[in-house]
Amino acid sequence: MAEISGEIFQSANIKKGKVFTLLIGVITAGILLALLVRLVTQFVTPPPPQRLLLVQDIPLPGALPDAYRTKQNPTASGIGVLFDHFDFQALDSQTHLLFIAHTGPNPDREQQVNPHFNPNTDAKNDGNVIVFDTIQNKVISVLPIPQVAGIVVALDLQRVYAADANGNLIYSIDEQTLKFTSIQLQDNDSPDGLEYDPLDHLIFVSNPGAPANPNQSQAVDRKNQNETMIDTRTNKVIARIPLGIDGKWGDDVGHVRFDPGLHRAYVVVQQLPDPDSPNPNLLPPPGTARLVEINPITHSIITRLTLPDTCFTPHGLAIDTLQHIAFIACIDADPPSLLRVDLQTMKVIPEPPFPVPVLSLIHI
């Protein structure tokens with residue numbers, strides 16, 4: 001009788017084991033089937049298009065002095081004026097402060113519509129640098145620095161550098177006190193893009209130059225077409241690298257970027273056409289756009305890579321420092337487009353250029 005009971009008990013356990021095994025198998029198969037369905041769905045269903053969403057509209061102070069911005073309310077919202085615009089922005093990821101170059105109206109354009117505007121005296125009050133706290137979502141200061149274009153953060157120094165194109169000045173801004181001092185460049189350098197080299201504590205300044213006598217000629221002196229290097233330990237100019245060496249009228253100097261992995265700075269240039277030509281659509285000669293590689297230690301040019309004939313007026317420049325790939329915006333190409341350069345070999349990546357809407361190229 002005991003033997004029969006044992007056999008029955010053993011048989012019941014075997015049946016339970018089979019049921020449990022079957023149940024585990026069904027659950028596992030179900031999970032695998034669900035994963036397979038999800039995988040297939042991801043492949044056959046196109047992803048939703050990425051888009052920017054407006055989170056909040058925050059009014060900013062005006063570029064010109066107005067009745068709203070007073071000593072009691074220095075960050076008050078201003079009023080819009082003709083030809084007012086912004087330029088570069090720089091975010092300090094440690095302090096969460098965003099520095100915005102509020103260039104203000106172009107003095108030449110404003111003079112066309114405002115008969116009382118005097119660019120020699122009024123331009124010094126035209127524009128500012130807005131300091132915006134991205135945590136509090138509010139303007140915390142307005143720095144009276146006019147006609148700023150390029151702006152860059154030196155994270156390790158807790159300083160911000162801003163380029164005043166009208167005054168040929170580079171401003172060094174202390175992030176803790178928001179006080180600033182100026183560094184004088186050459187007359188008519190007209191500084192634009194800035195970049196920081198944290199390895200050598202250098203600021204690179206792209207100077208496209210401005211005409212010395214605009215009423216007579218729009219030609220820019222070659223000495224003003226340069227890359228200026230500033231030592232941030234002394235805030236003094238230590239070198240100027242000539243870039244305007246092509247053709248009769250030299251070169252337009254675009255943005256500059258630094259690759260810490262390769263320990264090199266890069267700047268885009270383009271041979272200029274006749275600046276006094278009556279043809280408003282005159283393009284530079286084809287095959288004269290270049291990517292220039294600079295050694296920050298020797299203050300010298302290593303390579304001048306000629307870009308494809310289809311690239312006209314390379315101005316915007318961004319670098320993927322992990323892969324050492326440069327993205328160059330050819331803004332006068334037809335259509336405006338991006339091309340890529342392998343910085344380790346200094347060769348253009350053989351692929352068709354990427355067409356980019358004109359408005360997108362502004363923010364490169």
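This briefing walks through a pocket, two nonpolar cores, a disulfide and one loop residue of the structure above. Please keep in mind that the model is predicted. The structure holds 1 disulfide, which you may want to find on screen as you read. The largest nonpolar core has 18 residues, and the second largest pocket has a volume of about 560 Å³.

**The second largest pocket**

- In the second largest pocket, 22 residues form the lining, and Val-152, Val-153, Glu-195, Tyr-196 and Arg-257 lie nearest its centre.
- Strands E1 (89–92), E5 (148–154), E9 (194–197), E13 (251–259) and E17 (314–320) are the elements that each give two or more residues to this lining.
- By residue type, the lining of the second largest pocket divides into 16 nonpolar, 3 polar and 3 charged residues.

**The nonpolar cores**

- Within the 18 residues of the largest nonpolar core, those with the most contacts are Phe-99, Val-129, Leu-143, Ile-145 and Ile-151.
- Two or more residues of this core come from each of strands E2 (97–102), E3 (128–133), E5, E6 (159–164) and E7 (169–174).
- Leu-143 is a good residue to click on: leaving aside neighbours within four places in sequence, Leu-143 is in contact with Asn-128, Val-129, Val-131, Ile-173, Leu-178 and Phe-180.
- A second, separate core has 17 residues, among them Val-268, Ala-289, Cys-311 and Met-346.

**The disulfide**

- Cys-311 and Cys-330 are joined by a disulfide, with an S to S distance of 2.1 Å.
- The bond links distant parts of the chain: Cys-311 is in the loop between strand E16 (300–306) and E17, while Cys-330 is in strand E18 (residues 325–330), and the two are 19 residues apart.
- Because the torsion about the S-S bond of Cys-311 and Cys-330 is about -95 degrees, the disulfide is left-handed.
- Are these cysteines buried or exposed? Cys-311 has a relative accessible area of 1%, so Cys-311 is buried. Cys-330 also counts as buried, because its relative accessibility is 1% and the cut-off for buried is under 20%.

**Tyr-68 and its surroundings**

- Tyr-68 is in the loop between helix H1 (2–44) and E1.
- Not counting residues up to four places away in sequence, Tyr-68 touches Asn-73, Ala-76, Ser-77 and Ile-79.
- How far apart are the C-alpha atoms of Tyr-68 and Gln-94? They are separated by 31 Å, and the two residues are 26 residues apart along the chain.

Conventions
Residues are numbered from 1 along each chain as its sequence is written. This is a predicted model: local features need pLDDT of at least 70, side-chain atom pairs count only at pLDDT 80 or more; totals for chains, interfaces and linings use all residues. Side-chain values use heavy atoms; hydrogens and water are left out. On a 1 Å grid over the protein atoms alone, a cavity is a set of points where a 1.4 Å probe fits but cannot get out, and a pocket is an open set with protein on both sides within 12 Å along at least five of seven lines; lining residues have an atom within 4 Å of a point. Grid points are joined across faces, edges and corners, and a volume is the space filled by probe spheres set on the points. Helices (H or I, at least four residues) and strands (E, at least two) are DSSP runs, numbered from the N terminus. Ala, Val, Leu, Ile, Met, Phe, Trp, Tyr, Cys and Pro count as nonpolar, Asp, Glu, Lys and Arg as charged, and the others, Gly among them, as polar. A nonpolar core is a set of buried Ala, Val, Leu, Ile, Met, Phe, Trp, Tyr and Cys residues joined through side-chain atoms within 4.5 Å. Buried means under 20% relative accessible area, exposed over 50%, partly exposed in between (1.4 Å probe, protein chains only). Contact means heavy atoms within 4.5 Å. A disulfide is a pair of cysteine sulfur atoms within 2.5 Å.
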